[in-house]
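Q: Please take a close look at the ligand site in this model. I would like to know what surrounds the ligand, which contacts it makes, and what kind of space holds it.

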Amino acid sequence: MAEDLDILKGDKQSQYESLIPQIKALIEGEKNQVANLANIAAALKEQFNWWWVGFYWIFDDELVLGPFQGPVACTRIKKGRGVCGACWEKEITILVEDVEKFPGHIACSSASKSEIVVPVFQNGKIVGVLDVDSELLAHFDEIDQAYLEKIVGLIQND
Ligand code: SME
């Protein structure tokens with residue numbers, strides 16, 4: 001497919017609805033998971049221009065930084081630590097309106113004010129998380145949750 005994204009303006013729901021088929025087209029036919037995670041992070045960054053968006057993947061019982069867009073970030077997170085580690089431990093999406101109020105939040109960047117972390121499952125097992133950070137308070141809601149969960153559901157095994 002063409003490598004240009006069609007960036008729709010408008011309400012958040014319409015933006016996701018326009019982006020999801022494009023993400024599907026980007027990753028179908030490519031079985032390398034790193035390539036697909038990289039393009040998903042880039043597509044989300046291009047559409048929404050969030051401060052930081054990317055993946056942490058489980059290796060040797062730690063979350064290890066994967067493909068992302070945004071400033072450099074911490075490379076390893078233990079289970080239960082920070083928002084990402086809590087998402088891994090609980091295996092549920094975590095929405096944080098104000099990171100300063102989340103006990104144990106890991107501040108990779110002082111600019112980050114709110115965050116959403118979505119678990120990625122493959123064959124019924126958690127394999128990583130999608131982390132999105134914003135420099136605005138309470139930037140994410142249940143609409144983001146629903147669509148981001150849909151997007152990570154598109155990720156296939158190697
Ligand atoms: N804030 C995250 C750490 C990852 S960075 O934000 C990219 C956390 O508390 O787990």
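A: What follows goes from the space that holds the ligand to its shell and then to single contacts. The model is a predicted one.

The ligand sits in the largest cavity. A search of the whole structure turns up one cavity of 30 Å³ or more, and the volume of the largest cavity is about 160 Å³. Its lining consists of 19 residues. Nearest the centre of the largest cavity are I106, C108, E115, D131 and D133. Three elements, β1, α3 and β6, each give two or more residues to this lining. The largest share, three residues, is supplied by α3. Sorted by class, the lining of the largest cavity has 12 nonpolar, four polar and three charged residues.

The shell around the ligand itself is made up of 13 residues. V83, C84, I106, C108 and D133 are the closest of these. Of the residues closest to the ligand, I106, C108 and D133 also belong to those nearest the cavity centre. At least two shell residues come from each of β1 (52–59), α3 (82–90) and β6 (125–134). As in the lining, α3 provides the largest share of the shell, with three residues. V83 and C84 fall within the range of α3, 82–90, and D133 falls within that of β6, 125–134. By class, the shell divides into eight nonpolar, two polar and three charged residues.

Three polar contacts can be described individually. Two of them involve the backbone. At I106, a backbone N or O atom lies 2.7 Å from a nitrogen atom of the ligand. At C84, a polar backbone atom is 2.8 Å from an oxygen atom of the ligand. The third involves a side chain: an N or O atom in the side chain of D131 is 3.4 Å from an oxygen atom of the ligand. The protein covers 99% of the ligand's accessible area, which is 300 Å² for the ligand on its own.

Taken by residue, I106 is among the closest to the ligand, is one of those nearest the cavity centre, and makes a backbone contact with a ligand nitrogen atom. D131 is likewise listed near the cavity centre, with its side chain 3.4 Å from a ligand oxygen atom. C84 is one of the closest residues to the ligand and has its contact through the backbone.

Technical notes:
Residues numbered from 1 in each chain as written. Predicted model: local features only at pLDDT ≥ 70, side-chain atom pairs only at ≥ 80, totals over all residues. Heavy atoms only, no water. Near = heavy atom within 4 Å. Polar contact = N/O pair within 3.5 Å; in protein donor to acceptor, adjacent residues only side chain to side chain. Areas by Shrake-Rupley, 256 points an atom, 1.4 Å probe, with all protein chains shown as cover. 1 Å grid on protein atoms, 1.4 Å probe; cavity = no way out; pocket = protein on both sides within 12 Å on 5 of 7 lines; lining within 4 Å. Sits in = over half its atoms within 2 Å of the grid points. Helix = DSSP H or I, 4+ residues; strand = E, 2+ residues; numbered from the N terminus. Nonpolar A, V, L, I, M, F, W, Y, C, P; charged D, E, K, R; others polar. Points joined across faces, edges and corners; volume = space filled by probe spheres on them.
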